[in-house]
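Q: Could you show me how to read a few features of a structure, giving the general idea each time and then the case at hand?

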Amino acid sequence: MAPLSDATTDETQDDAPAALPGDGVREGIIDNLRSHIGDQIVDTKITPNDDLWIRVTTDGWLAAGQALKEAGFTYFCFLSAIDWMPSPYGTGENDPDAEQKEPDTAIVPGYTGGDTRLQVFARVTDLNRHVGVTLKADVPDDRAVMESWSHLFAGANWHERECHEMFGIGFDNHPDLRNMYLPGDFEGYPLRKDFPLLARMVKPWPGIVDVEPMPAQDEEEAPPAEETS
Amino acid sequence: MTLTDRQQLSYIASQAADARLNVELETEGMTLNIGPQHPATHGTLRIICRLDGEQVVWAEPVAGYMHRGYEKLTEVRTFPQVTTLVNRIDWLGSFANEVPFILAAEKLMEIEAPPRAQVIRTILFELSRIANVSLFLGDLGVQMGAITPVFLAFRDREYILNLIEGATGGRFHPNFDRIGGLKDDLPKGWIAETRGAVKKLEEFCDTIDDLLFGNEIFQSRMRGIGIIPADIAKDYGLSGPNARASGIDWDLRRDQDLPLSYDLADWKVWTHPDGDSWARCWIRLQETRESCKIVNQLLDQIPAGPVMTKVPRIIKVPEGEAWVATENPLGEMGYYVVSKGGLGPFRVKIRSASFNNISIVPWALKGVYVPDVITILASLYFILGDIDR
Amino acid sequence: MPYWVTSLLRVVGGLVAVLLPAGGIVYLFLFKMMSFMQSRLGPMEAGPYGSMQLLAEVGKWMQKEDLAPENADLRIYRMAPLIVLVSTFLLIVVVPFGPSAYFTNFETGIFYALAVGSVSVLGILIAGWSSANKYSLLGGLRAGGQLIAYELPMVLATLGVVIQAGSMNLNRIIEVQNTGEIFGIGIIGNPFIITQFLGFLIFMIAVQAELTQAPFDMPIAESELVSGYMTEYSGFRFLIFFIAEFATAGVFSFIAAALFLGGWGVPFTWFGWDSIDEVAWWMNFVGPVIMFTKMFALVGVIMWVRFSYPRFREDQLQTFAWKVLIPLALANTAVTAILKVVF
């Protein structure tokens with residue numbers, strides 16, 4: 001164990017703001033990853049000078065994590081899942097007395113696409129290059145099991161436990177997959193969209209109450225944002 | 001009324017599941033349950049320790065006594081309603097919870113708040129950091145038996161809370177941030193008041209430095225205890241002062257390009273190479289002083305202008321996904337917002353700092369004495385709302 | 001005076017000598033001094049400036065339900081607080097308050113006091129064991145280790161005083177201090193705090209540990225063990241522990257005042273007395289006042305340290321006792337003995 005340092009030491013390596021990554025860095029990351037697990041990368045997305053998404057196959061989930069960790073992404077941010085099915089109960093934000101529109105039941109995934117209802121996603125960060133990657137993978141509909149990241153990143157242990165109890169996704173090789181928040185006998189997977197939020201079932205939201213417009217306020221809307229993906 | 005067979009079986013099964021842990025532990029040593037009601041834990045955290053004499057052989061935190069299901073709740077709320085929810089995650093520095101969410105929504109809408117709003121947001125952010133960490137500094141003494149600093153902390157924190165109340169209307173839950181800016185402008189005289197309050201907080205930091213950090217007993221209780229090496233810290237996702245105390249030079253205020261005004265002030269990031277409890281606490285003290293400096297500098301630079309850009313009355317955020325994380329008082333807090341073009345989000349993943357910070361507890365508590373359990377937990381500093389969401 | 005009158009006087013005097021300091025200490029230091037140090041006011045409602053607060057608290061505790069944990073060993077559980085309080089009463093018996101105002105005049109006064117002072121350890125230990133609560137057990141075991149470890153420095157510190165005074169009788173020790181001279185100057189007598197300064201320090205630290213006050217309050221350790229060995233006690237039994245804690249603080253300070261500060265006396269040269277037999281009768285009334293003043297001063301220091309310092313971990317505590325205090329006390333005794341022979 002190194003000797004403890006003096007209390008007044010303040011070792012800050014860098015006072016000036018670190019150089020923020022341009023897009024060349026992100027493309028380099030994708031190329032590096034391709035060289036390790038090339039055929040398992042399904043889709044990527046870069047928002048310019050902002051962020052990076054990579055979707056891999058279900059079988060490549062652990063390998064992608066390993067490749068990223070070796071490439072310098074040693075900081076584990078989080079791991080969770082998304083259920084892309086629209087909620088059959090609606091979002092409860094509209095007036096319950098008004099005419100109900102046909103609820104939309106199409107499963108439409110987001111960035112980098114997807115073929116299944118459930119997707120796991122995780123984020124890892126490279127602290128030296130100040131860049132992070134969001135990794136996504138489909139969870140097969142028939143057998144909702146993924147490989148566990150807990151031997152790769154120790155912090156994934158708790159995140160996978162929470163993901164398991166909330167979405168019902170199993171994780172192979174997880175040392176101790178039991179409930180994180182919910183009591184032992186809880187039935188159902190709360191964060192799935194078909195699990196109802198009982199509070200809203202019992203007392204529906206009255207909808208957005210009509211508000212008087214503020215005096216002397218223009219009613220013009222902001223220009224609609226263009227999708228530039 | 002008797003329970004049905006099914007109810008009884010289900011109850012037994014749940015008890016067995018929870019008791020499985022306890023049964024395994026009864027063979028040797030003593031099992032001590034710290035919490036969920038306990039003077040030391042900052043809320044309802046339960047830690048099951050298996051002791052051998054006074055040494056911990058095995059420790060397991062059990063969270064979830066305060067789980068409120070935020071991620072499910074956000075799915076049925078509109079975007080402005082989510083800020084009310086989100087205030088209550090880290091309730092000591094509440095304004096800081098709203099900011100990443102609002103920034104994510106603004107990123108999806110591709111708008112930016114006007115400069116005045118950005119600077120005021122940053123000032124309020126830093127004020128909530130000061131409020132949060134000053135309570136930590138006082139509470140640190142109580143964990144160890146020094147009962148006086150906590151009163152000083154509460155007294156001096158009132159100045160900050162009064163300021164936040166003056167600007168936003170709420171001491172603990174401001175709910176002030178809006179998509180596109182802030183709800184209101186600052187009241188008259190607020191800037192002068194803030195300068196005075198920040199000065200008092202700087203004196204408080206000096207007092208705590210003398211009273212607590214200079215105390216030999218405090219040092220001998222904290223130095224060399226609970227050392228977390230940098231690579232383990234990164235593996236678990238430790239963030240904020242916990243990570244910087246292990247020597248990781250990572251501060252989201254400096255290392256990211258968010259529309260907050262940290263580049264207008266001249267400040268520095270504190271790290272410490274040791275990674276022990278002392279380092280974690282000391283860094284928080286220095287960061288509080290640094291926050292006071294930032295607030296002082298930003299107060300001189302608030303530009304004139306509106307506090308809100310033009311946004312429609314009913315906000316529909318366009319389809320997309322966005323991740324924004326900021327350097328909250330507890331660590332890195334981030335929101336992954338998935339929007340489908342509706343009034344409210346489709347899915348929000350809340351990445352709270354204390355969840356990762358506490359996941360290291362089983363590793364960190366192996367082989368330490370019972371008093372050091374309390375010290376290590378105190379230095380890791382968690383808030384239950386942050387762990388449990 | 002008939003025997004029953006003196007006995008009655010002694011009983012009343014003993015109760016007053018134990019409970020009055022306890023009440024005074026609790027109000028002055030625990031309620032008011034601690035509050036002012038923490039920038040708050042303390043109790044203000046009960047009585048003028050909150051002076052009746054302790055009476056109100058006593059009344060509150062006394063009317064609470066007599067609880068005991070289900071698995072507790074009831075007879076021992078009930079005995080434990082009484083043992084702690086009895087040891088305090090046993091201690092006050094040797095403290096003199098004036099030339100003739102004493103309860104008993106043992107020739108081996110201080111020896112008896114130190115022996116009897118360790119009876120409270122038993123009470124604390126059995127409180128911890130009989131509570132059927134793991135926190136209490138931890139607290140009780142810690143207390144056992146700590147209190148026994150700090151008995152030794154206390155005994156060794158008083159050894160220096162005994163050597164210097166040449167007697168174990170507390171009244172004689174007080175007489176020697178008040179008739180003595182330092183380098184021929186008799187104006188302040190010879191309070192042993194000056195020559196036995198190291199002994200005084202060690203004694204006060206040991207007393208702080210014997211009372212389980214911070215920085216030595218591992219057995220109670222509120223943030224870890226809730227209340228340590230006192231966790232399961234409520235109502236009347238907790239009141240006994242509470243009173244015993246502060247009463248013992250008072251009594252130990254009486255003993256420290258007698259050993260180191262000159263006890264109930266002022267330097268006899270101020271009045272031209274040469275020995276204890278010449279002291280005027282009114283000293284029996286002024287003596288208690290002086291004793292109380294000195295006691296409050298010492299307890300003030302104990303409480304001041306208690307409210308300021310965080311607590312030691314028990315292995316640091318034990319290291320401090322065995323590796324620092326005992327060698328120092330032994331050295332102090334050796335030096336005193338040498339100097340006594342030489343001079």
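Q: In what order do the five strands of the open sheet in chain A stand, and how are they paired?
A: Strands of a sheet pair through backbone hydrogen bonds, either parallel or antiparallel. In chain A the five strands form an open sheet in the order β1-β2-β5-β4-β3, and the pairing is mixed; strands are DSSP runs of E with at least two residues, helices are runs of H or I with at least four, and both are numbered from the N terminus, while two strands pair if DSSP finds at least two bridges between them. At the edges stand β1 (41-47) and β3 (75-83) of chain A, each with a single partner strand, so one side of each is left without a neighbour in the sheet. This is a predicted model, in which local features need pLDDT of at least 70 and side-chain atom pairs count only at pLDDT 80 or more, whereas totals for chains, interfaces and linings use all residues. Residues are numbered from 1 along each chain as its sequence is written, and chains are lettered from A and ligands numbered from 1 in the order in which they are written.

Q: Over how many bridges do β4 and β5 of chain A pair?
A: Strand β4 (residues 118-126) of chain A and strand β5 (residues 131-139) of chain A pair in the antiparallel sense over nine bridges, and the bridge partner of Ala122(A) is Leu135(A) in β5(A).

Q: How should I read the crossing of α1 and α12 in chain C?
A: Two packed helices are described by the angle between their axes and the distance between the axes. The axes of helix α1 (residues 3-37) and helix α12 (residues 283-308) of chain C come within 10 Å and cross at roughly 45°; axes are lines fitted to C-alpha atoms, for helices over the stretch in contact, and angles run from 0 to 180 degrees between N-to-C directions. The two helices are therefore oblique to each other (under 35 degrees is roughly parallel, over 145 roughly antiparallel, 65 to 115 roughly perpendicular and the rest oblique).

Q: Which residues of α1(C) and α12(C) meet?
A: Among them, Phe29(C) and Met33(C) in α1(C) meet residues of α12(C) that include Phe296(C) and Met303(C), contact being C-beta atoms, placed from the backbone, within 7 Å.

Q: How many residues of chain B are in contact with chain C?
A: In chain B, 25 residues are in contact with 22 residues of chain C, and β1, α5 (115-144), α6 (149-168), α8 (216-222) and α14 (370-380) of chain B each supply at least two residues of that side.

Technical notes:
Contact = placed C-beta atoms within 7 Å.
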